[in-house]
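Visitor: Could you take me through one part of this model in detail? I'd like a close look at how the helices pack against one another, with a few single residues along the way.

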Amino acid sequence: MIIYKFFKLFIIKINDYLQIIASTLASILVGLMTLVILYMVFFRYVLNDTPYWSEEVARCMMLWMTFCVLPVSYRLGSNVSLEIILKKLDGKVLEIFQLVIHLLILLFIVNFFYYSLNFVETGMFARAYSFDLQIGYIYLILPISFTFMFLVSIELITNHLEKLISLEK
């Protein structure tokens, strides 16, 4: 039991730290993306000369921002869920249902992680159109995000297992 508690505390601390990093990075990216878009709009409508790189850079920032926030929203439970079904369940049935949901999500995360590695690998052979960067570096956020989501999923599964065990006592 001591090893389990240490493992659980370790996962929580890692997820807390990663959540701070991901939230900060996402905030910075939103600010930078806003500046790039304002720059693009100014040049397009005032100077009638759109910078060739601005739209693609803004899209890349949006991709990184989205995948930075994805594990954080999963951890906080602010993603889409079937509240109608969950409100009708209670006790042991609810915990089993949520445990099954998180196990299925874990399977999807592992699957997406595998495919994201392939995405990054094939992206290393292509370059962005408007600036000199391999697409694989842009897609690198995918396996990073799915790794964080894996850790979050482990934390949530252990939470529901603890609740399920406490309900059986």
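Guide: Here is a walk through the helix packing, followed by three single residues.

A word on ground rules: this is a predicted model, so local features need pLDDT of at least 70 and side-chain atom pairs count only at pLDDT 80 or more, while totals for chains, interfaces and linings use all residues. Residues are numbered from 1 along each chain as its sequence is written, and side-chain values use heavy atoms, with hydrogens and water left out.

On confidence, the protein chain averages a pLDDT of 90, and 98% of the residues score at least 70; pLDDT is the predictor's confidence in each residue, from 0 to 100. Helix 1 (residues 2–45) has the highest mean, 94, and helix 3 (residues 83–88) the lowest, 73. Helices here are DSSP runs (H or I, at least four residues), numbered from the N terminus.

Now the packing. Two packed helices are described by the angle between their axes and the distance between the axes. The axes are lines fitted to C-alpha atoms over the stretch in contact, and angles run from 0 to 180 degrees between N-to-C directions.

Start with helix 1 and helix 2 (residues 54–76): their axes sit 8 Å apart at an angle of about 155°. That makes the two roughly antiparallel (over 145 degrees; under 35 is roughly parallel, 65 to 115 roughly perpendicular, and the rest oblique). Helix 1 passes helix 2 in a left-handed crossing, meaning that the near helix is turned anticlockwise from the far one by less than a right angle. The residues of this contact divide into 21 nonpolar, four polar and four charged. For that count, Ala, Val, Leu, Ile, Met, Phe, Trp, Tyr, Cys and Pro are nonpolar, Asp, Glu, Lys and Arg are charged, and the others, Gly among them, are polar.

Helix 2 also packs on helix 6 (residues 141–168), at about 5° with axes 9 Å apart, so this pair is roughly parallel. Among the residues making the contact (heavy atoms within 4.5 Å) are W64, F67 and Y74 of helix 2 and F146, F148 and M149 of helix 6. The tally for this contact is 15 nonpolar, two polar and two charged.

Helix 1 meets helix 6 as well: the axes come within 10 Å and cross at roughly 135°, which makes helix 1 oblique to helix 6. The crossing of helix 1 past helix 6 is left-handed. On the helix 1 side the contact includes Y4, F7, K8 and N15, and on the helix 6 side it includes L151, E155, N159 and E162. Its residues split into eleven nonpolar, four polar and three charged.

Next, the single residues. N48 is in the loop between helix 1 and helix 2, and its phi is near 55°, a positive value in a residue other than glycine. Most residues other than glycine have a negative phi. N48 is exposed, at 69% relative accessible area (exposed is over 50%, buried under 20%, partly exposed in between, with a 1.4 Å probe and protein chains only).

S73, in helix 2, counts as buried at 16% relative accessibility. Not counting residues up to four places away in sequence, S73 touches S78 and N79.

Q98 belongs to helix 4 (residues 91–123) and is buried too, with a relative accessible area of 19%. Leaving aside neighbours within four places in sequence, Q98 is in contact with L86 and H160.
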